[in-house]
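Open the model in your viewer and keep the selection panel handy. We will go from the whole chain down to single side chains, one stop at a time.

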Amino acid sequence: MPKIIGGSLAEHRQRTREALFGALSGLMGERGFDAISLADIASRAGIGRTAVYNHFPDKESLLLAFIEHETSAYVRSLEDSLAEVEEPVEQLRVYVRQQLALAPSYHFAPGPDLREVVSREAVQDLRSHVRQVEGLLREILTRAIQAGDIPDQDLDSVVPLVHACLSGRRGPQQEPGRSAFAAATEEFVLRAVGAPLSGPAVTAADAAQVA
């Protein structure tokens with residue numbers, strides 16, 4: 001019988017899933033998802049390959065569970081940060097900074113785009129996670145329009161454009177490039193939606209959060 005990690009089967013399953021998620025994340029930082037096998041993931045996680053099948057039938061289902069886990073945690077964190085700010089434009093600044101700080105490995109993994117190497121059903125699942133995050137941006141922009149802070153605009157077009165701008169590439173990882181990149185991106189997004197640029201600029205502390 002496999003060794004139980006933790007004090008119960010539920011804790012064992014949770015820790016095993018976290019180990020597999022960590023292994024997948026680390027491997028995707030090194031090579032494309034198409035070049036990773038389930039055996040690679042099991043080996044990196046220190047888990048027997050056959051034991052992995054007790055949790056996931058294949059590496060695609062593991063990927064989707066990992067992205068669901070990461071997206072849910074990110075959305076909760078972003079919602080908490082947005083709740084601390086009242087003004088819609090300042091909420092937009094928070095959204096921009098946290099999106100830049102996110103840079104998850106599954107967005108920037110080497111190799112082919114994930115949409116090219118997973119099934120059509122998986123692509124739909126990936127899009128649903130993107131829509132969760134885009135939904136928060138839509139709410140922010142809707143409040144900004146209602147408050148008269150930005151002009152009325154077609155959010156069906158604007159939201160995916162802003163999201164693509166923020167998630168399309170990784171910024172510099174070292175200073176001073178990191179701070180400059182964050183400030184320029186924030187200003188670009190605010191200008192794009194017609195928001196006023198007056199207000200708190202990106203400080204050194206803010207920029208330090210951008211990874």
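The tour below starts with the overall fold and then visits cores, a loop residue and some rings.

**Before you select anything**

This is a predicted model, in which local features need pLDDT of at least 70, side-chain atom pairs count only at pLDDT 80 or more, and totals for chains, interfaces and linings use all residues. Residues are numbered from 1 along each chain as its sequence is written, and side-chain values use heavy atoms, with hydrogens and water left out.

**Stop 1: the whole chain**

Show the cartoon and you will find eleven helices and zero strands; here helices are DSSP runs of H or I with at least four residues, strands are E runs of at least two, and both are numbered from the N terminus. Now switch on the surface: the chain exposes about 11300 Å², and carbon and sulfur atoms supply 51% of that area (Shrake-Rupley method, 1.4 Å probe; for residues, only the protein chains shown count as cover). Of the 211 residues, 39% are buried; buried means under 20% relative accessible area, exposed over 50%, and partly exposed in between, with a 1.4 Å probe and protein chains only. Contacts, meaning heavy atoms within 4.5 Å, often span the sequence: among those between residues at least 6 apart, 69% join residues at least 24 apart.

**Stop 2: the nonpolar cores**

Which residues touch the most other members of the largest nonpolar core? Select Leu 92, Tyr 95, Leu 141 and Val 193, which do so within a core of 29 residues. Such a core is a set of buried Ala, Val, Leu, Ile, Met, Phe, Trp, Tyr and Cys residues joined through side-chain atoms within 4.5 Å. Colour α4 (59-83), α5 (88-102), α8 (120-146), α9 (155-167) and α10 (177-193), since each supplies at least two residues of this core. α8 gives the most, with seven residues.

Stay on Val 193 and list its contacts: leaving out residues up to four places away in sequence, Val 193 touches Leu 92, Leu 141, Ile 150, Pro 151, Gln 153, Val 158 and Val 162. Next, pick Val 52, Leu 64, Leu 114 and Ala 122, which are among the 25 residues of a second, separate core. In soluble globular proteins, nonpolar side chains tend to be buried together.

**Stop 3: Pro 196**

Move to the loop between α10 and α11 (204-208), where Pro 196 lies. Pro 196 is partly exposed, at 37% relative accessible area. Beyond its neighbours within four places in sequence, Pro 196 contacts Val 89, Arg 93, Asp 149 and Leu 190. Try a C-alpha to C-alpha distance to Val 89: the two are 8.0 Å apart in space and 107 residues apart in sequence.

**Stop 4: the rings**

How many aromatic pairs are there? The count is two, taking rings of Phe, Tyr and Trp (its six-membered ring) with centres within 6.5 Å; planes under 30 degrees apart are stacked, over 60 edge-to-face, and the rest tilted.

- Phe 21 and Phe 56: the centres are 6.2 Å apart and the planes at 45°, so this pair is tilted. Phe 21 sits in helix α1 (residues 9-28) and Phe 56 in the loop between α3 (49-52) and α4, so the pair ties together parts 35 residues apart in sequence.
- Phe 21 and Phe 66: with centres 5.9 Å apart and planes at 50°, this pair is tilted. Phe 66 belongs to helix α4, 45 residues from Phe 21 in helix α1.

Show Phe 21, Phe 56 and Phe 66 together, as ring pairs link them into a cluster. Phe 21 has a relative accessible area of 5% and is buried; Phe 56 is buried at 4%, and Phe 66 is buried as well.

Finally, select Lys 59 and Phe 33: the charged end of Lys 59 sits over the ring of Phe 33, 4.5 Å from its centre (the rule asks for NZ of Lys or CZ of Arg within 6 Å of the ring centre and within 35 degrees of the ring normal).
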